[in-house]
Protein chains: 2
Amino acid sequence: MDLSEKSNCTFCHFKSQAVETLDTTEITLLEKNCAESVFKKNAIIFQQGSLTSHIAYIRSGLVKIHKRGPSRDQILKIVKPLRFIGIPTILNGRRYQYSATALVPTNLCFIDTDIFKNLILQNGSFGNEIINELCQDELRFFDHAINRLQKQIHGRVAEALLYLSTEIFANNSFLMPLSGKDLGDFVHASRETITRTLSRFKKEGLIDKQGRQITILDYKTLLHISRTG
Amino acid sequence: MDLSEKSNCTFCHFKSQAVETLDTTEITLLEKNCAESVFKKNAIIFQQGSLTSHIAYIRSGLVKIHKRGPSRDQILKIVKPLRFIGIPTILNGRRYQYSATALVPTNLCFIDTDIFKNLILQNGSFGNEIINELCQDELRFFDHAINRLQKQIHGRVAEALLYLSTEIFANNSFLMPLSGKDLGDFVHASRETITRTLSRFKKEGLIDKQGRQITILDYKTLLHISRTG
DNA sequence: TTCAAAATGTGTTTTAAATCACAGTTTAAA
DNA sequence: TTTAAACTGTGATTTAAAACACATTTTGAA
């Protein structure tokens, strides 16, 4: 990983709400302990089990957070820009508990864990924003867990498509960043089942699919399928 | 809910690490905006969909956090004393996104959400402790999700028994706080499957079971089952 | 102390989706 | 530009656990 390029945080155009709370001294501190880096599609950002070093901030791109389970890899969440990844690194544990991989070319800033922790301790507003993000993540994760556990594939896939369209891309047409296997690892289904389900959605006119380009055609029905499972 | 009794936080013997960081002024503020209350077994602490009012702190007892899914109730986590529940209430949302129910007689302190938020903003150390708790929860939840999704019932039940024994009760013998249905809602299995699995574990000498009293007899094998699924 | 309502136990049947097997297609590296 | 590797598509078979159906036991409220 190439951390050679130093960042200029003060004039960065991709500040998160948390970083916006920092004063001049604090942002200078951040700047001195922060390095920018570019990751190609499928490049591993950090890997479960390796020694922790930094918290990463997504300036642009898309990242999957995943963890090896007894039978397969499980994609736990997909994180989009202006969010930190690897915050639990601030806990005493010395190894990453999960992996992070770039789904598309991704621009990251690596921040020293101790500096990040100091910002939390010094600036209540910074900590408050981090808490807000963690709470949002928790609520979303509760819903994802229920979706994955209680719905049948049609519901799970519909919900994943709507999630990508609405939350991640904010566009009813998008280039699917996940392969069939990845989508399976995300919604807990086999690759074959994903193929069959997407084909069916296409045949029924709920989506259009040209290669990886997906367009939501019938939002309402998809939402209904995603709700009822 | 009876919030009549005012608390004496300063001399409370059940302070969390977060509350330990507060200074005299802050703890007085907390004390003035905090009310103690006792909940019977199975009493609802707050319910998904109802208007948010307070964050609760568990002084003693045991609480399940659960949410209604399309096919059944899902127990998302079990929370033990010296932890807050309902922290996401600090987000702008005006309704609880999940329910909390006492599993055993439980002693709670209700704290005004705005006061809680002010403590985070004013005192970085307080926020830091809350962040630590949220991070621990996230890591545990990742593991729980993988367990529930990827393992077969034997593994899921073994893992739940070890979780209760190790993390919740810190004792190899404990009074099961969950009914068969509840345990099913926790590990995502039907009531019948839970019965069969527990009977089998007993027959094979892995646990002893006298009514609700469970004793872990063969920790090693259970751990192996829980790991391999 | 009684008695209905929960909770638990056990055999049989059903089912959703995984797995298997293999063909065709795209992608990226040499 | 070629060529292997990764990805996608589709039918047939298998399987883990849910659902069903009922008997029995426990619990807690009148």
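This report walks through a predicted model of two protein chains and two DNA strands, from the protein interface to the DNA surfaces and the side-chain pairs.

## Where the two chains meet

Let's start with the protein–protein interface. On one side, 44 residues of chain B take part, and they are in contact with 45 residues of chain A. The size of an interface is often given as the accessible area lost when the parts come together. Here the area buried between chain B and chain A is about 4000 Å², and carbon and sulfur atoms give 73% of it. Within chain B, the residues that lose the most area to chain A are Phe142(B), Leu149(B) and Gln150(B), which together make up 18% of what that side buries.

Polar and charged pairs are found here too. There are 12 residue pairs in polar contact between chain B and chain A, counting those with both residues at pLDDT 80 or more. Several elements of chain B each supply at least two residues of the side that touches chain A: the strands β4 (63–68) and β5 (73–79), and the helices α3 (113–122), α4 (124–150) and α8 (219–228). Of these, α4(B) gives the most, with 21 residues. By class, the side of chain B that touches chain A divides into 20 nonpolar, 13 polar and 11 charged residues.

## Salt bridges, within and across

A search over all chains of the structure finds 22 salt bridges. Between chain B and chain A the count is 4. A cross-chain example worth displaying is Lys77(B) with Glu138(A), whose closest N and O atoms are 3.0 Å apart. This pair runs from strand β5 of chain B, where Lys77(B) sits, to helix α4 (residues 124–150) of chain A, which holds Glu138(A).

## The surface near DNA strand C

Next, the DNA. DNA strand C is surrounded by 18 residues, and the closest are Gln152(A), Thr193(A), Gly180(B), Arg191(B) and Arg196(B). Of the strand C atoms within 4 Å of the protein, 50% belong to sugar or phosphate, and the rest belong to bases. The surface near this strand has 2 nonpolar, 8 polar and 8 charged residues.

Helices α5 (153–168) and α7 of chain A, together with α7 of chain B, each supply at least two residues of this surface. The largest share comes from α7(B), with 5 residues. Individual atom pairs add detail. A polar backbone atom of Ile153(A) is 3.0 Å from a phosphate oxygen of DNA strand C. Two side chains have polar atoms listed against base nitrogens of the strand: an N or O atom of Glu192(A) at 3.3 Å, and a polar atom of Arg196(B) at 3.0 Å.

## The surface near DNA strand D

Which residues come nearest to DNA strand D? Of the 18 around it, they are Gly180(A), Arg191(A), Gln152(B), Ser190(B) and Thr193(B). Sugar and phosphate account for 49% of the strand D atoms that come within 4 Å of the protein. The residues of this surface divide into 2 nonpolar, 8 polar and 8 charged.

For strand D, α7 (191–203) of chain A and both α5 (153–168) and α7 (191–203) of chain B each supply at least two residues. The helix that gives the most is α7(A), with 5 residues. Two phosphate pairs are good ones to pull up in a viewer. A backbone N or O atom of Ile153(B) lies 3.0 Å from a phosphate oxygen of the strand, and an N or O atom in the side chain of Thr193(B) is 2.5 Å from a phosphate oxygen. On the base side, a polar side-chain atom of Glu192(B) lies 3.3 Å from a base nitrogen of DNA strand D.

## Aromatic pairs

Over all chains, the structure holds 21 aromatic pairs. One of them joins Phe39(B) and Phe110(B): the ring centres are 6.0 Å apart and the planes are at 45°, so the pair counts as tilted. Phe39(B) lies in strand β1 (residues 34–39) of chain B and Phe110(B) in strand β8 (residues 106–112) of chain B, so the pair ties together parts that are 71 residues apart in sequence.

Technical notes. Residues numbered from 1 in each chain as written. Chains lettered and ligands numbered in written order. Predicted model: local features only at pLDDT ≥ 70, side-chain atom pairs only at ≥ 80, totals over all residues. Heavy atoms only, no water. Contact = heavy atoms within 4.5 Å. Buried area = accessible area lost by both parts, 1.4 Å probe. Salt bridge = Lys/Arg side-chain N within 4 Å of Asp/Glu carboxyl O. Polar contact = N/O pair within 3.5 Å; in protein donor to acceptor, adjacent residues only side chain to side chain. Helix = DSSP H or I, 4+ residues; strand = E, 2+ residues; numbered from the N terminus. Nonpolar A, V, L, I, M, F, W, Y, C, P; charged D, E, K, R; others polar. Near = heavy atom within 4 Å. Phe/Tyr/Trp six-rings, centres within 6.5 Å; stacked < 30°, edge-to-face > 60°.
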